[in-house]
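User: Could we go through this structure together? I have a few short questions about its sheets, helices and backbone.

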Amino acid sequence: MVTSYGFDVPRLVIAAPSSGSGKTTVATGLMAAFSERGLAVSPHKAGPDYIDPGYHALATGRPGRNLDAFMCGPELVAPLFAHGAAGCDLAVVEGVMGLYDGAAGRGELASTAQVAKLLRAPVVLVVDASSQSRSVAALVHGFASFDPQVRLGGVILNKVGSDRHEVMLREALEEAGMPVLGVLRRAPQVATPSRHLGLVPVAERRTDALASVSALAAQVRAGCDLDALMALARTAPPLDCEAWSPAAALTRSRGRTSASPAFEARGSGGSAPGNGAAPADLGEAPGRRPVVAVAGGPAFTFSYAEHTELLTAAGAEVVTFDPLRDEALPPGTSGLVIGGGFPEMYAPELSANEPLRAAVAAFAAAGGPVAAECAGLLYLGRSLDGKPMCGVLDADARMSERLTLGYREAVAVSDSALARAGTRLRGHEFHRTVVEPGAGAAPAWGFTHPERRVEGFVQQGVHASYLHTHWAAEPSVARRFTEAAAARR
């Protein structure tokens, strides 16, 4: 709720010493267990990950939202949190990697610790205790004392082997003065399947995912002191911030459009609306709002909730379609967004849907605005692992052994329906595919850090790239894209 002192909601950050300790197990289980008590639980994920928020949404019935201090800037973390948590009884934030791990070479930036400090939230440390006993106290002491501004409120011990093992762990942590808020035994039956980019998304295994979330809730309910955890969450002080609003963000946005000296800015020669323009008055009468079709279904599961909210606030009617099953674009489509996901897992099925591939190709050929990220880039190419795709781009994609992963600083090289040349954004790459060639005659982005290279494709109304971006950082891209769609109605 909002008080005279600011935004006030009980909250916890679930962190760990390292990846693989059980953060997702505990965070998702806590979300589900508290939801089962009748609480409105707001789910959040530190960092750029798309998959964990799907499980969070399943556990709470609310959109899973990301808090990424690199892509959106530290100044937006609390406002975006307040936007997502408005009206809730509790917020649970799952951390990323180890507690103090962030953007490479950037200190604490984008770390769980930084998010916890920005939210003034107590931290619960999930410790994989499977191969230690008394040493757990030294480990926890180090994490508790490393940064005095991070308030470590307690520990949940994961993968505890026996009653005797639990006693030894509790005794050690009691000596260290650290509360034990939960003990979870090894439970392989609750394990969630993974593959090359992490957990299998909810959309691909919804029935099994529901069972997994239910099992996690039961495990957490049996092993954790929910009352003590709620009491700890209530110790978080009010946040002195204004909740983020998509409408207000669009009004305030003026765009970062100065060209980068590192890359030549290339005009498209078209008449796409500029980043600095005021939001268009698109009207409220039926049929007046431009239809922006957003790819969904099992093959395209990666998206941030704020993107749809920004498109809607900019005047679009957002309609979801499934490229695996739908043989036509939604009626009246005047803009097309194809985000990330796992098209490589569904290449035969995507290829077999020839009517939709033809419809997408025709829409792009007619100059329709298309924003494609990662999976969308693969879908727009000629082929994916030898299977024909939409053929919009003269490029072919294939799986590789190499994982491309990391934050990027980027500048738009070419004018497009998404961004004016010179627009600066921060983004994230995460894929095991290769596209050849990696850039078109008019590239989408020039990366300025950590490496200098151009990437992606801009042609007619198409903007296609591997780069995942968070539009809350630059709302003008949603306005620009919606205006481009409105121009085609």
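User: To start, is β7 largely enclosed or exposed?

Analyst: β7 is largely enclosed by the rest of the structure, because five of its six residues are buried. Buried means under 20% relative accessible area, exposed over 50%, and partly exposed in between, with a 1.4 Å probe and protein chains only. Please note that this is a predicted model, in which local features need pLDDT of at least 70, side-chain atom pairs count only at pLDDT 80 or more, and totals for chains, interfaces and linings use all residues. Residues are numbered from 1 along each chain as its sequence is written, and side-chain values use heavy atoms, with hydrogens and water left out.

User: Which sheet holds β7?

Analyst: β7 belongs to an open sheet of seven strands in the order β5-β4-β6-β3-β7-β8-β9, with parallel pairing. The edge strands are β5 (65–67) and β9, each of which pairs on one side only. On average, neighbouring strands of this sheet are turned by 25° against each other, direction ignored. As for terms, strands (E, at least two residues) and helices (H or I, at least four) are DSSP runs numbered from the N terminus, and two strands pair if DSSP finds at least two bridges between them.

User: How many bridges join β7 to β8?

Analyst: Six bridges join β7 (residues 123–128) to β8, and the two run parallel. Valine 123 stands opposite leucine 152 in β8. Between these strands the chain crosses through helix α5 (residues 135–146), and this β-α-β crossover is right-handed. Right-handed here means that, with the strands pointing away from the viewer, the path from the first strand over the helix to the second runs clockwise.

User: And what lies on the other side of β7 in that order?

Analyst: There the order gives β3. β3 and β7 pair in the parallel sense over three bridges, and valine 13 has valine 123 of β7 as its bridge partner. Strand β3 (residues 11–15) also pairs with strand β6 (residues 90–94), in the parallel sense over four bridges.

User: Which helix packs on this sheet?

Analyst: Helix α1 (residues 23–36) packs on the sheet, touching β3, β4 (41–46), β6, β7, β8 and β9. The direction of α1 makes about 165° with that of β6. Contact means heavy atoms within 4.5 Å. Axes are lines fitted to C-alpha atoms, for helices over the stretch in contact, and angles run from 0 to 180 degrees between N-to-C directions.

User: Back to β8: how many of its residues are buried?

Analyst: Eight of the nine residues of β8 (residues 152–160) are buried. Four bridges join β8 to strand β9 (residues 180–185), and these two run parallel. Leucine 157 has valine 183 in β9 as its bridge partner. The chain passes from β8 through helix α6 (residues 163–176) to β9, again in a right-handed β-α-β crossover.

User: Changing topic, at what angle do α3 and α4 cross?

Analyst: The axes of helix α3 (residues 74–85) and helix α4 (residues 112–119) cross at roughly 60° and come within 9 Å. That makes α3 oblique to α4; angles under 35 degrees count as roughly parallel, over 145 as roughly antiparallel, 65 to 115 as roughly perpendicular, and the rest as oblique. Pro74, Val77, Ala78 and Phe81 of α3 make the contact with Gln114, Val115, Leu118 and Leu119 of α4.

User: What forms the six-strand sheet?

Analyst: The six strands form an open sheet in the order β13-β12-β14-β15-β23-β22, with mixed pairing. β13 (317–321) and β22 (457–459) stand at the edges, each with a single partner strand, so one side of each is left without a neighbour in the sheet. The twist averages 15° from one strand to the next. Three bridges join β22 to strand β23 (residues 462–465), which run antiparallel.

User: Where is glutamine 460, and what is its phi?

Analyst: Glutamine 460 is in the loop between β22 and β23. Its phi is near 50°, a positive value in a residue other than glycine. Glutamine 460 is exposed, with a relative accessible area of 57%.

User: Which peptide bond is cis before proline 437?

Analyst: The bond from glutamate 436 to proline 437 is cis, with omega near -5°. Proline 437 lies in the loop between β19 (424–436) and β20 (445–449). The bond from histidine 449 to proline 450 is also cis, with omega near 5°.
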